[in-house]
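Me: I am new to this structure. Please take one part and walk me through it closely, then show me what lies around it.

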Amino acid sequence: MLLSSAAAVGVAGLRLTDGAATPVLTPSPIVAPLRPAAGAVVSLEAAERTMALPCFGGKSLPLWTFDEASVFPIVRVPRGQALEVAIKNSLPRADEHITLHWHGLRIPNAQDGVAYLTQAPIMPGATGRYAFTPPETGTFFFHTHCNSVDHFGRGLVGALIVDGDEAQASDADLILMMKDWRLDAGKSFLPFTTDEGAAKAGTAGTVRSINGVTNPVYAVPASGNIRVRLLNVDPARISEIGLEDADGAIIAVDGNGCTPIELGTWRLGPAGRLDILMRAPKAGQVAQLVDYFSAEPVVLARFLAEGPEVRHDAFTPAPLLTMPFKVADRSAAEHLDFTFSATATGSAVAATAAAGGDALAIGKLCLSKRTFWAINKQPWSSVDHSDLGPPLASLKLGRSYIFELKNVTPNAHPIHIHGHTFEIITSNLRDLPSVRADTVLLLPKERIEVALVADNPGRWMFHCHILEHQETGMMGYVTVT
Ligand code: C2O
Ligand code: CU
């Protein structure tokens, strides 16, 4: 959808205290949920589409998206409903193949969407199909799984919401896709990767956005309980999320309901999702979603309370319904160590911090040119993907494991496992709440213990979700048999 016409997006021309006329989005025009009826097939088409997102400051850019109607399509189904997706690959580059990975969903391995590991890639012109019933409720997303730095950089991401977890209905439900864009002064794309970024913290974007808008305003019902689903779909951004001028509680981490945690701030890495229940302020007042990670806090989005007050009670967020996960038997669990390190090449490149970047030249076999990172000294991509080499670990179906995730680098790494979720146990650096997560942010030099039940058979990727790290070696797989 092009946002050229104010009328098309319901712009109210509202004046806020900062004096700037600001469009109020009700809801965001960028996020148009696709709600397939039972039995209907969701059709997506990966293609280049020129769009003028509000955060591009009037310029149009050749985005790669999954859908004609919105930059980030939202697929939304109730729990228990089977989902079938047809995805056509119309990307404009020769050999640019795709697969769809359903991040965070514990679905059968054949539907997990990893080129070569779980399926043959979908070549340009071809259509692939996915069919599964999401086993749990929550806030998830989907993306391709090869050349992802380029794909995410151009916007090729969507969200999957599985409904049915609210014991007490919220009064509004907002889906916020947080992503930076790499634009030069003339507002074309900058290169999505640099050697310095790939060997250090990842290459940062230059323009921040929520749903394609820098600092949008959402109208919310006054004094209502607002569910804010924040998805970090940036390739590299680490943020420290908090709320101002409203009370809020974390009700889910990576889509998994938890005992509500009063929201002070929460460090959210790439691929992390945070469901916040916020009590909206009184009519006419504005609450803000803020990133405190850098010295100067950044307002990510604002919520303008409107209409009659919907609630008068004290704010006591109800927990989401719990899902029937198998809980790991920690006393019987086998311990496995995973060390996340830089390779000699990676350390050398990080030390010289040279500009430019040619480490990532991902061809059709999904191999990078050089490897900067490794897991247990094994850098990914050093082998032909049609013959992947040994797994990082072989797990026994049904057994419990404790993984010790050790970061021996000066950078943070959001570590993601496919097909399973981790129970977070302890960190050597901070008090972490016992939540369930599919992506665990490891801070520099941090060691985190997590438990899991290997209850989903197959070959599962296990990697850093700073995409330049993933593609320069910090990736591997485990088997469950
Ligand atoms: Cu979003 Cu391999 O993952
Ligand atoms: Cu990393």
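Reply: Start with one pair of residues. Alanine 172 stands opposite isoleucine 226 in β15. Keep in mind that this is a predicted model.

Now widen the view to the two strands. Strand β13 and strand β15 (residues 225–232) are joined by 7 bridges. The two run parallel.

They belong to an open sheet of 5 strands. Its order is β13-β15-β20-β17-β18, and the pairing is mixed. β13 sits at one edge and β18 (256–262) at the other, each pairing on one side only. On average, neighbouring strands of this sheet are turned by 25 degrees against each other, direction ignored.

Next, the nonpolar interior. The largest nonpolar core has 64 residues. Leu289, Phe303, Phe338, Phe403 and Phe462 have the most contacts inside this core. Strand β13 (residues 172–178) gives the most to it, with 4 residues. A separate core of 26 residues lies apart from it. Met51, Val71, Leu183 and Leu231 are among the residues of that second core.

Take a residue from the largest core. What does phenylalanine 338 touch, leaving out residues up to four places away in sequence? Its contacts include Phe403 and Phe462, two residues also listed with the most contacts inside the core. Phenylalanine 338 also touches Ile375, Leu392, Ala393 and Leu405. Asn376, Glu404 and Lys406 complete the list.

Now a helix. Which residues of α3 (residues 344–352) are buried? They are Gly346, Val349 and Ala350. These three lie on the same side of α3, because they cover an arc of only 100 degrees around the axis. An α-helix has 3.6 residues a turn, so residues three or four places apart point the same way. The buried residues of α3 pack against α2 (195–199). The face turned away from the buried side carries Ala344, Ala351 and Thr352, which are exposed.

Last, the metal. What coordinates the copper ion (ligand 2)? His413 and His469 each do so through ND1, and Cys464 through SG. The distances are 2.0 to 2.1 Å. Along the chain, the donors follow the spacing H-x50-C-x4-H. Are cysteine 464 and histidine 469 buried or exposed? Both are buried.

Key: Residues numbered from 1 in each chain as written. Chains lettered and ligands numbered in written order. Predicted model: local features only at pLDDT ≥ 70, side-chain atom pairs only at ≥ 80, totals over all residues. Heavy atoms only, no water. Donors = N, O, S within 2.8 Å, 3.2 Å for Na, K, Ca; no water. Buried < 20%, exposed > 50% of the residue type's maximum accessible area, 1.4 Å probe, protein only. Core = buried A, V, L, I, M, F, W, Y, C linked by side-chain atoms within 4.5 Å. Contact = heavy atoms within 4.5 Å. Pairing = 2+ DSSP bridges. Axes fitted to C-alpha atoms, helices over the stretch in contact; angles between N-to-C directions. Arc of directions from axis to C-beta.
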